[in-house]
Amino acid sequence: MKNQLTPLEMKSVDNNTSYNDIPTIVLMENAGSQIAHYIIDNFPDKKRVSIYSGTGGNGGDGFVIARHLLNHEYRVHLFLLAKAENIKNEDSRLNWNAIVNVAKADNNLKINIVTDSTQLKPDNSDIIIDAILGTGVNGKIRQPTSKAIDTINNSPAIVISVDVPSGLNPLTGNVDDKCVIAHTTLTLHKPKVGIIKAQSSYKGKLEVLDIGIPKVSEIYAGSGDLLKIPQASKDSHKGQNGSVLIIGSNPDYVGAVIFAASACTRMGMDLVYIIAPESSANIIKQYNPEFIVKSTATDVLDESIFSEVVSLAGKVDSILIGPGSGVESRTAKLFNKIVCDIDKNIIIDADALKLIDKENLKQSKCIVTPHHHEFEDLFSIKLPSKIDKKIDILQELSDEYDITIILKGPTDIISTKSDYKLNDTGNQGMTVGGTGDILAGLTTALSTKLNLFEAAYIATFIIGCAGDMLYEEKGYNYTSVDIIEKLNEII
């Protein structure tokens, strides 16, 4: 697991925690409670506290902090820097309603709703808590938040920022406009990459607080990981949303390429190129006119088409080799030449796993997608039964060959040289023919939008979810065609 997270990764982990049946409201309660007790433990005699809250999750943390401090006889002045109806975060809205109710019976709480910068006055509190922007800032800061940052920075109070000082870019560590100057930053779960990069004069002392996020939310793929998939821009043009090349098929195995290509189109690929022998190509063309199919003069894929591969490779982002290709020695020469000589993301699946020289993997940017026996044949290694031992072996191989590995199984293991992920979506109904081709297509499509590791584990999660949804509807009586149709409900 990573020691620091980007804002998007943190959002993904939060969502995965909810996916794992721990509501996000619990995380907000834990965050606010932990921060309040940090103050109680470290500043028991500084009882006058101002809390400046925004309308997002960071602001919700501020509402929880206020509630807990009041129970320890602190005098709290809470500033909401917007109208209450602008609180869109559901957890924050619930905690806002709670603190408003608390105010009915606690004279130590004062609430101000600030909608204009002129409403902000010099603040002489003992402690100021900055719970304004958190991980959501980018660019010019609007009023009244801008004035609130000035007020905080001009105060003699001890300033404590929640997660990230407001105004500091949580990804880059830069300050684009202005920033709260904190004495202490209490970052939640793990530091954000921006807070590590930031000048110490902005963040002050950095403390990491545990808010109850379990390891499963980072180790296992979950619904939060889908947030990492970039959405197509409204003004994008053809080819800007991903293009792929699939090289495979022989006269006996036409369906494999069709399944892989169909998965690519479901993932929103603008262009799906296919190279297949002529006898297969004619069938593939009839299946979907969106596929751009190039036929070979031979019945078997071989080096004679390499110049055509090079030409198409210049038009695409990623290449998939192997579905239905067969295991002829001539095909092996072609695939090894592609891996060695073409500088593109390459997904190696199905028959290609039997044909590739593993030493050639070191020269490529690739993902390999073996199941248990294919893995042992490719790497000449016997896999142990325990999953932690398997992970160790995959990590070593990912590092040695500089590749991403998807080891398919009841629990998929996805490994890169610096990280690993597990996936347990899916069920035994997915042993039906074609599911591996769909996974390969999904992985190839996602690799045009994400890094290879993310593409690999998100693809395994998606296809497993499709299988699980179909099991709920049909039991084990579903097909790979059903899986293709189900993908749009997930992505």
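In helix H5, which covers residues 145-153, the residues Thr-145, Ser-146, Ala-148, Ile-149, Thr-151 and Ile-152 are buried. In this predicted model, the buried residues of H5 pack against three strands, namely E1 (48-53), E4 (127-131) and E5 (158-162). The loop between E5 and strand E6 (184-188) contains Leu-168, a residue that has a relative accessible area of 0% and is therefore buried. Between the C-alpha atoms of Leu-168 and Pro-122, which are 46 residues apart along the chain, the separation is 22 Å.

The chain as a whole comprises 18 helices and 16 strands, and its C-alpha trace spans about 85 × 45 × 45 Å along the principal axes. Of the 491 residues in the chain, 56% are buried. Among the contacts in the chain with a separation of 6 or more, 70% are accounted for by residues 24 or more positions apart.

Towards the start of the numbering, helix H2 (residues 24-42) packs with helix H3 (residues 57-70) at an angle of about 50 degrees, the two axes being 8 Å apart. Because angles from 35 up to 65 degrees fall between the roughly parallel and the roughly perpendicular classes, H2 is oblique to H3. The crossing of H2 and H3 is right-handed. On the H2 side the contact is made by Met-28, Glu-29, Ala-31, Gly-32, Ser-33, Ile-35, Ala-36, His-37, Ile-39 and Ile-40, and on the H3 side by Gly-57, Gly-60, Asp-61, Val-64, Ile-65, Arg-67, His-68 and Leu-69. Divided by class, the contact of H2 with H3 has 9 nonpolar, 6 polar and 3 charged residues.

An open sheet of 9 strands follows the order E10-E9-E8-E11-E12-E13-E14-E15-E16, and its pairing is mixed. Strand E10 (292-296) and strand E16 stand at the edges and each has a single partner strand, so that one side of each is left without a neighbour in the sheet. On average, and with direction ignored, neighbouring strands of this sheet are turned by 15 degrees against each other.

Within this sheet, strand E15 (residues 412-416) is mostly covered, with 5 of its 5 residues buried. In a regular strand, side chains alternate between the two faces of the sheet. In E15, Asp-412, Ile-414 and Thr-416 point one way, whereas Ile-413 and Ser-415 point the other way, and all of these residues are buried. Strand E14 (residues 404-407) runs antiparallel to E15 and is joined to it by 3 bridges, with Ile-406 standing opposite Ile-414 in E15. The connection from E14 to E15 is a hairpin of 4 residues. Strand E16 (residues 419-423) likewise runs antiparallel to E15, and 5 bridges join the two. Asp-419 of E16 is the bridge partner of Thr-416, while Asn-423 of E16 stands opposite Asp-412. Here the connecting hairpin, from E15 to E16, passes through 2 residues.

Further along the chain, the axes of helix H16 (residues 435-446) and helix H17 (residues 452-474) come within 8 Å and cross at roughly 135 degrees. H16 and H17 are therefore oblique to each other, and their crossing is right-handed. The residues of H16 that make the contact are Thr-435, Ile-438, Leu-439, Leu-442, Thr-443 and Leu-446, and those of H17 are Ala-455, Ala-456, Ile-458, Ala-459, Thr-460, Ile-462 and Ile-463. This contact of H16 with H17 divides into 10 nonpolar residues, 3 polar residues and no charged residues.

The loop between H16 and H17 holds Ser-447, which counts as buried because its relative accessibility is 4%, under the 20% that marks a buried residue. When residues up to four places away in sequence are not counted, Ser-447 touches Ser-318, Asn-345, Ile-347, Leu-452 and Ala-455. One of these partners, Ala-455, also belongs to the residues of H17 that make the contact with H16.

Definitions and conventions. Residues numbered from 1 in each chain as written. Predicted model: local features only at pLDDT ≥ 70, side-chain atom pairs only at ≥ 80, totals over all residues. Heavy atoms only, no water. Buried < 20%, exposed > 50% of the residue type's maximum accessible area, 1.4 Å probe, protein only. Pairing = 2+ DSSP bridges. Axes fitted to C-alpha atoms, helices over the stretch in contact; angles between N-to-C directions. Parallel < 35°, antiparallel > 145°, perpendicular 65-115°, else oblique. Left-handed = near helix turned anticlockwise from the far one by under 90°. Contact = heavy atoms within 4.5 Å. Nonpolar A, V, L, I, M, F, W, Y, C, P; charged D, E, K, R; others polar.
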